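Biologist: I would like to go through this model piece by piece, with each term explained once. Could you take my questions in order?

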Amino acid sequence: MTPLPLATVEHALRRLFLGDAQGLRDEDRKKARELAALLPHLAPVDRGVVVDAAAGRAGVGLLAVELLGLRELVVIERAADRVAHCRDACAKLSVPAKVDVREADVGDARAWPTRPELVVALHACGPATDAVIDAAVRSEARRVMLVPCCLGSQISFAAQARAIVASWPIPRQAPIRQRMEHGLIDAWRTLRLEAAGYEVTVLPFVAPTVTPYNLVWRCRRVREPGAMARAQTKLDAILSLPA
Ligand SMILES: C[S@@+](CC[C@H](N)C(=O)[O-])C[C@H]1O[C@@H](n2cnc3c(N)ncnc32)[C@H](O)[C@@H]1O
């Protein structure tokens, strides 16, 4: 997929979030590269509601308004300072759009609209990605775009994944075990989505030098009964692996 021109994305980021006079910091340049690569995956977004979940200042959602023609955005973010930053940026949008910024936990069902066209969560920390998966399934989102990031012990499957890997005849070196644990968590998430009726593609969207968390889960709700049943069987098998 062809990325958006980096200069266009950097310009929009600076205008919305930093003010024209301010230069981009290293973290903004990195975010610009992620967004330039990720935003084309979101298209088309010109009809229906898009949810930017665990949104931070909502760089994904607001740039989709500016650059992709998104007209209706719901932002869900729990940190008050980021919500305030996002609201400031909304006032600087150069194209008309309905933007509803909700200060809430992504696990709070009341914060979610029903049947959004797309749910996107870029780098939702640890268990927030799982709360987004549950909410997207519950709200019957037509498409879901996830870029998970850090994996930690708060993820509900993490302890079981660790125990499963510990029970396998593999070397003791921690980085090898950790990769396998992370692979199991990725598999668990993918199967949950498939069992809920999503057709899932997983692919790198930027080089790992931009971010080590460079995989995007692109999901489309198709509700194919055979595929759902097969995924559920695999999910049950993973969940009952001896630990
Ligand atoms: C790493 S930042 C990513 C922000 C943004 N999506 C981006 O890529 O620029 C993760 C964000 O998720 C928010 N977050 C984490 N857990 C959350 C939860 N349970 N509910 C709502 N927001 C959450 C954090 O406050 C933070 O703003």
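**Strands, core and loops**

Biologist: Over how many bridges do strand β4 (residues 118-122) and strand β5 (residues 143-147) pair?

Modeller: Strands (E, at least two residues) and helices (H or I, at least four residues) are DSSP runs, numbered from the N terminus. Two strands pair if DSSP finds at least two bridges between them. For β4 and β5, which run in the parallel sense, the count of bridges is five.

Biologist: Which residue of β5 stands opposite V120?

Modeller: Two residue partners in β5 can be named. A121 has L146 as its bridge partner. V120 stands opposite M145.

Biologist: What kind of model is this, and what pLDDT do local features need?

Modeller: Residues are numbered from 1 along each chain, as its sequence is written. The model is predicted: totals for chains, interfaces and linings use all residues, side-chain atom pairs count only at pLDDT 80 or more, and local features need a pLDDT of at least 70.

Biologist: Which are the edge strands of the sheet?

Modeller: The sheet is open and has seven strands with mixed pairing, in the order β3-β2-β1-β4-β5-β7-β6. An edge strand pairs on one side only, and this applies to β3 (98-103) and β6 (198-204).

Biologist: What is the average twist from one strand to the next, and what angle does α5 make with β4?

Modeller: Axes are lines fitted to C-alpha atoms, for helices over the stretch in contact, and angles run from 0 to 180 degrees between N-to-C directions. The twist averages 15° from one strand to the next. Helix α5 packs on the sheet and touches β1 (50-53), β4 and β5, where touching means C-beta atoms, placed from the backbone, within 7 Å. The direction of α5 and that of β4 make an angle of about 180°.

Biologist: Why is β5 largely enclosed by the rest of the structure, and which residues lie on the side opposite R143, M145 and V147?

Modeller: A residue is buried if 20 or more other C-beta atoms, placed from the backbone, lie within 10 Å of its own, exposed if 12 or fewer do, and partly exposed in between. Five of the five residues of β5 are buried, so the strand is largely enclosed. In a regular strand, side chains alternate between the two faces of the sheet. Both faces of β5 are covered, with R143, M145 and V147 on one side and, on the other, V144 and L146.

Biologist: V101 is in strand β3. Why does V101 count as buried, and how far is its C-alpha atom from that of V51?

Modeller: V101 is buried because 22 other C-beta atoms lie within 10 Å. Its contacts, leaving aside neighbours within four places in sequence, are V75, V83, C86, R87 and C90. V51 is 50 residues away along the chain, and the C-alpha separation is 9.9 Å.

Biologist: Which helix gives the largest share of the largest nonpolar core?

Modeller: A nonpolar core is a set of buried Ala, Val, Leu, Ile, Met, Phe, Trp, Tyr and Cys residues joined through C-beta atoms within 7 Å. The largest one has 63 residues, and A53, A64, V119 and V132 touch the most other members. Its largest share, seven residues, comes from helix α2 (residues 26-42).

Biologist: Which residues come nearest to the ligand?

Modeller: A residue is near the ligand if its C-beta atom, placed from the backbone, lies within 6 Å of it. The shell has eleven nonpolar residues (Ala, Val, Leu, Ile, Met, Phe, Trp, Tyr, Cys and Pro count), four charged (Asp, Glu, Lys and Arg) and four polar (the others, Gly among them). β2 (72-77) and α5 (127-138) each supply at least two of the shell residues. Of the 19 residues around the ligand, those that come nearest are A54, G56, R78, L122 and A128.

Biologist: Is A58 buried or exposed?

Modeller: A58 sits in the loop between β1 and α3 (59-68). Its phi is near 70°, a positive value in a residue other than glycine. With 29 other C-beta atoms within 10 Å, A58 is therefore buried.

Biologist: Which residue is joined to A43 by a cis peptide bond?

Modeller: The partner is found in the loop between α2 and β1. The omega of the bond is about 0°, and the residue joined to A43 is P44.

Note on methods: Contact = placed C-beta atoms within 7 Å.
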